[in-house]
Amino acid sequence: MDKIVIEGGVPLNGEVSISGSKNAVLPIIASSIMFDDPQNEISNVPDLEDIKTIKKLLSSLGAKIEDSRENNRIFIDSSGINNYEAPYDLVKTMRASVLVLGPLLARYKRARVSLPGGCAIGARPIDFHLNALKLMGAEINVDHGYVEAFAERLKGASITFPIPTVTGTENIIMAACLADGNTEIRNAAMEPEVDDLINALNGGGGDIKRDGHGRILIKGVKQLKRLSHSVIPDRIEAGTFMVASAITRGDITINDINVAHLKPVTEKLSGTGVKIVINSPTSLRIKGSKVIRSIDVTTAPYPDFPTDMQAQMMALMCVSEGLCVITENVFENRFMHVGELIRLGADIKVKNNFAIVKGVKKLSGAEVMATDLRASASLVLAGLASSDGYTTVSRIYHLDRGYEGMENKLKNLGAIITRVKGNSTVNQAHEEIHEENITAGEGV
Ligand code: UD1
């Protein structure tokens with residue numbers, strides 16, 4: 001298994017370009033199941049493990065997928081779908097595989113999708129998805145770890161989610177798109193990724209409107225024509241690079257972003273003392289400050305602070321001046337990174353869904369293990385801030401699920417970071433890093 005080795009303490013400088021959003025592209029790829037055109041086209045698709053997984057899933061259903069690296073495009077022909085099952089092997093690798101449930105049911109009247117089970121950050125059931133589909137007239141049976149769903153034709157319904165669910169909202173939007181009549185979703189998720197799906201569907205003949213209060217209205221249509229969409233930038237990748245600048249006291253310009261989507265993150269980060277300059281609606285510059293102020297962070301659905309940025313903010317708070325409380329309100333078990341950050345010298349105590357972080361003067365390099373996608377990003381960030389020794393982050397496959405070429409992007413900003421391939425040793429990486437430094441030094 002690959003590892004990442006970092007020699008921290010270097011301020012990051014320069015420009016970085018942000019890739020397409022993982023969480024936006026996954027439902028959009030799933031939605032291609034419902035489009036009749038053999039040339040559905042999605043651009044700005046990031047090269048990630050999760051994207052490989054969803055492409056594998058669609059291929060196993062009978063879709064044909066072609067990649068074109070020009071504009072990071074993919075072409076999908078879903079007209080040959082002849083299998084309706086998302087197997088356990090794929091769903092356990094990536095929970096978002098459940099996003100094929102709504103489209104399969106709407107277009108092919110049936111779906112068999114493995115239940116995802118628990119995961120590192122919590123129980124994460126899909127009961128809200130299933131209850132909503134039942135309200136739309138689907139017959140749902142759960143047997144042998146699989147959801148089996150049937151509906152001759154789904155019908156519009158009025159659905160209120162108990163709490164906003166991102167993939168639940170997306171599954172129901174897609175199902176309702178080809179249903180008979182109108183569907184109203186209340187307390188729907190308001191994340192920009194949901195809007196991107198709505199735009200993709202409307203662009204191909206869907207009729208979906210949302211108000212600014214978590215209400216979505218979907219008029220069922222007979223047919224969706226051609227999917228042709230460019231995916232929004234990844235706000236979580238962008239936020240992670242903003243923290244990279246703050247934590248290394250660097251100066252990074254972040255390009256190819258949607259500044260508006262980053263508002264909850266820029267507002268919070270501004271409170272720590274960093275200087276943020278908005279260059280344009282698609283670019284900002286963030287300059288770290290010598291003193292990082294402690295600030296409390298509370299996660300909640302959009303437009304509040306994203307749970308997917310909680311671990312990265314915690315890494316930053318580890319080297320802040322003072323004490324803060326981080327409250328995790330979305331997932332019950334999303335503090336797996338705490339123990340690893342403590343290995344790097346952090347001072348954190350967890351009580352229920354609160355983490356009390358007392359800033360320390362310095363972190364020091366150590367061997368740590370990634371437990372989930374965003375936890376792995378927080379460990380890389382903490383490694384970049386560790387001013388003494390090497391940090392080795394193992395189980396880096398979590399990072400590869402959601403960050404496109406992260407270590408190369410960081411390297412371009414001046415980070416001393418290298419990937420250790422499965423069979424080489426960490427000592428070899430230390431030597432490699434050392435040699436690279438000498439060579440870089442010689443050039444100056
Ligand atoms: C999505 C994102 C994930 C992000 C999360 C919250 C994708 C592919 N993943 O995950 O990166 O961290 O939103 O912003 O977009 N819940 C239930 N029953 C359900 C559905 C959800 O109890 O049927 C609960 C969950 O356990 C969680 C909360 O609702 O506590 C919100 O989860 P949800 O928004 O559904 O997360 P995902 O869509 O899985």
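Start with the second largest pocket of this predicted model, which has a volume of about 300 Å³. To find its middle, select R249, V319, V360, K361 and K362, which are the closest to the pocket centre among the 19 residues that line it. If you then colour the lining by class, you will see eight nonpolar, six polar and five charged residues.

**Enclosed spaces**

Turn next from the open pocket to the cavities, of which the structure holds two with a volume of 30 Å³ or more. Rolling a probe the size of a water molecule over the atoms shows where empty space is left. For the largest cavity, with a volume of about 40 Å³, select S21, K22, N23, E193, D234, R235, I236 and R374, which together form its lining. Two elements, α1 (22–31) and α8 (235–247), each give two or more residues to this lining. By class, the lining of the largest cavity divides into one nonpolar, two polar and five charged residues.

The second largest cavity has a volume of about 30 Å³, and to display its lining you can select S19, G20, P46, L48, D234, E237, G402, Y403 and E404. Here the classes divide into three nonpolar, three polar and three charged residues. While both selections are on screen, look for D234, which appears in the lining of the largest cavity and also in that of the second largest.

**Strand β23 and its partners**

Now select residues 390–394, which make up strand β23. Is this strand enclosed by the rest of the structure or not, and why? Four of its five residues are buried, that is, under 20% relative accessible area, so β23 is largely enclosed by the rest of the structure.

Add strand β1, residues 3–7, which runs antiparallel to β23 and is joined to it by four bridges. Within this pairing, I4 stands opposite V393 of β23, and V5 stands opposite T392 of β23. Then add strand β22, residues 367–369, which runs parallel to β23 and is joined to it by three bridges; there, M369 stands opposite S394. If you also show helix α12, residues 373–385, you will have the whole of a right-handed β-α-β unit made by β22, α12 and β23.

Strand β1 has a further pairing to follow, with strand β24 (residues 416–420), in the antiparallel sense and over five bridges. In that pairing, K3 can be picked out opposite V420 of β24.

**Two open sheets**

For the next stop, show the open sheet whose four strands follow the order β10-β11-β13-β12, with mixed pairing. Its edges are β10 (158–160) and β12 (207–210), and each has a single partner strand, so one side of each is left without a neighbour in the sheet. Neighbouring strands of this sheet are turned by 15° against each other on average, with direction ignored. Inside the same view, strand β11 (residues 182–186) and strand β13 (residues 216–219) run antiparallel and are joined by four bridges, with E184 standing opposite L217 of β13.

Move on to the other open sheet of four strands, in the order β18-β19-β21-β20, where the pairing is again mixed. The edge strands are β18 (297–298) and β20 (347–351), each of which pairs on one side only. Strand β18 pairs with strand β19 (residues 323–327) in the parallel sense over two bridges, and T298 stands opposite T327 of β19.

**Backbone details in loops**

From β18, follow the chain into the loop between β18 and α10 (310–318), where P303 lies. The peptide bond from Y302 to P303 is cis, with omega near 15°.

Two further residues deserve a selection of their own. Which phi value does N71 have? Its phi is near 65°, a positive value in a residue other than glycine, and N71 lies in the loop between β4 (64–68) and β5 (73–77). N71 is exposed, with a relative accessible area of 55%.

The last selection is K109, in the loop between α4 (101–108) and β7 (110–114). The phi of K109 is near 70°, again positive in a residue other than glycine, and with a relative accessibility of 37% this residue counts as partly exposed.

Conventions: Residues are numbered from 1 along each chain as its sequence is written. This is a predicted model: local features need pLDDT of at least 70, side-chain atom pairs count only at pLDDT 80 or more; totals for chains, interfaces and linings use all residues. Side-chain values use heavy atoms; hydrogens and water are left out. On a 1 Å grid over the protein atoms alone, a cavity is a set of points where a 1.4 Å probe fits but cannot get out, and a pocket is an open set with protein on both sides within 12 Å along at least five of seven lines; lining residues have an atom within 4 Å of a point. Grid points are joined across faces, edges and corners, and a volume is the space filled by probe spheres set on the points. Ala, Val, Leu, Ile, Met, Phe, Trp, Tyr, Cys and Pro count as nonpolar, Asp, Glu, Lys and Arg as charged, and the others, Gly among them, as polar. Buried means under 20% relative accessible area, exposed over 50%, partly exposed in between (1.4 Å probe, protein chains only). Two strands pair if DSSP finds at least two bridges between them. A crossover is right-handed if, with the strands pointing away from the viewer, the path from the first strand over the helix to the second runs clockwise. Axes are lines fitted to C-alpha atoms, for helices over the stretch in contact, and angles run from 0 to 180 degrees between N-to-C directions.
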